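Trainee: I am new to this structure and should like to understand the terms used to describe it. May I ask how each one is justified?

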Amino acid sequence: MSTPEARKQRLIEIILEKSFKYSDDPPFTLASGRKSAYYFNCKPTTLNPEGMNLIGSLLADMLADAKVTAAGGLTLGADPLAAALAVISHQRGKPIKAFIVRKDAKGHGTKSALEGDVQEGERVVILDDVITTGGSTITAIERAREAGLVVERVIALIDREEGGRANIEALVPRVDAVLTRTEIMEQYSGKSSVS
């Protein structure tokens, strides 16, 4: 799969197979507290070898010209994305380090809210698996800034297109998504009408 579009299409197939759930009755309760008929549990995709490879490749494509040295976000959703990007970017000769933003700062040792080989002043991208309201992404942005990192942009694996992107854009000028809910639902609807 050489083209980014072919990789995106294959990633959507994996997401629909492993990470997408639909239920009108009862609807799912999201991390934001909202109710929804569909739910993305991205871990089965982001921790799958093929899924991880596709994600790392697509993120590396998106950051090919970026002046960032590291990528990370709030644990647990961002961790496999950052790891995949770190491996693929290194293989391509333009390494982007991974870091983890803890939900709560360590109570011992350095008492750090961030883990990884990042230093104050580094330009970074914040990653997240799914954006709904943007809450976890905003937490990651704030913690990264508190640690002295310069947040250049945000990339989500999936943007649910429910207002979260606008909330994040109030803090960071550039917010991108590997995939949108619309792109995934178009493929889901196509599969549903075939079966």
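Mentor: Let us begin with one residue: T132 has 12% relative accessibility and therefore counts as buried. The model is a predicted one, in which local features need pLDDT of at least 70 and side-chain atom pairs count only at pLDDT 80 or more, while totals for chains, interfaces and linings use all residues. Residues are numbered from 1 along each chain as its sequence is written, and side-chain values use heavy atoms, with hydrogens and water left out.

Trainee: Why is T132 called buried?

Mentor: Buried means under 20% relative accessible area, exposed means over 50%, and partly exposed lies in between, with a 1.4 Å probe and protein chains only. T132 has 12%, so the term buried applies.

Trainee: Where is T132 found, and which residues does it touch?

Mentor: T132 is in the loop between strand 8 and helix 5 (135–146); helices (H or I, at least four residues) and strands (E, at least two) are DSSP runs, numbered from the N terminus. Leaving aside residues up to four places away in sequence, T132 touches L30, S32, R34, R160, E162, G163 and G164, where contact means heavy atoms within 4.5 Å.

Trainee: What makes strand 5 (residues 70–74) largely enclosed?

Mentor: Five of its five residues are buried, so the rest of the structure largely encloses strand 5.

Trainee: How do you know which strands pair with strand 5?

Mentor: Two strands pair if DSSP finds at least two bridges between them. Five bridges join strand 5 to strand 6 (residues 97–101), and these strands run parallel. Three bridges join strand 5 to strand 8 (residues 123–131), again in parallel. Among the individual positions, A71 has A98 of strand 6 as its bridge partner, and G72 stands opposite I126 in strand 8.

Trainee: What is the wider sheet, and what makes a strand an edge strand?

Mentor: Six strands form an open sheet of mixed pairing, in the order 7-6-5-8-9-10. Strand 7 (114–116) and strand 10 (175–180) are the edge strands, since each pairs on one side only.

Trainee: Why is the pair of F20 and F40 called tilted?

Mentor: Rings of Phe, Tyr and Trp (its six-membered ring) pair if their centres lie within 6.5 Å; planes under 30 degrees apart count as stacked, over 60 as edge-to-face and the rest as tilted. The structure holds six aromatic pairs. The ring centres of F20 and F40 are 5.4 Å apart and their planes lie at 50°, so this pair is tilted.
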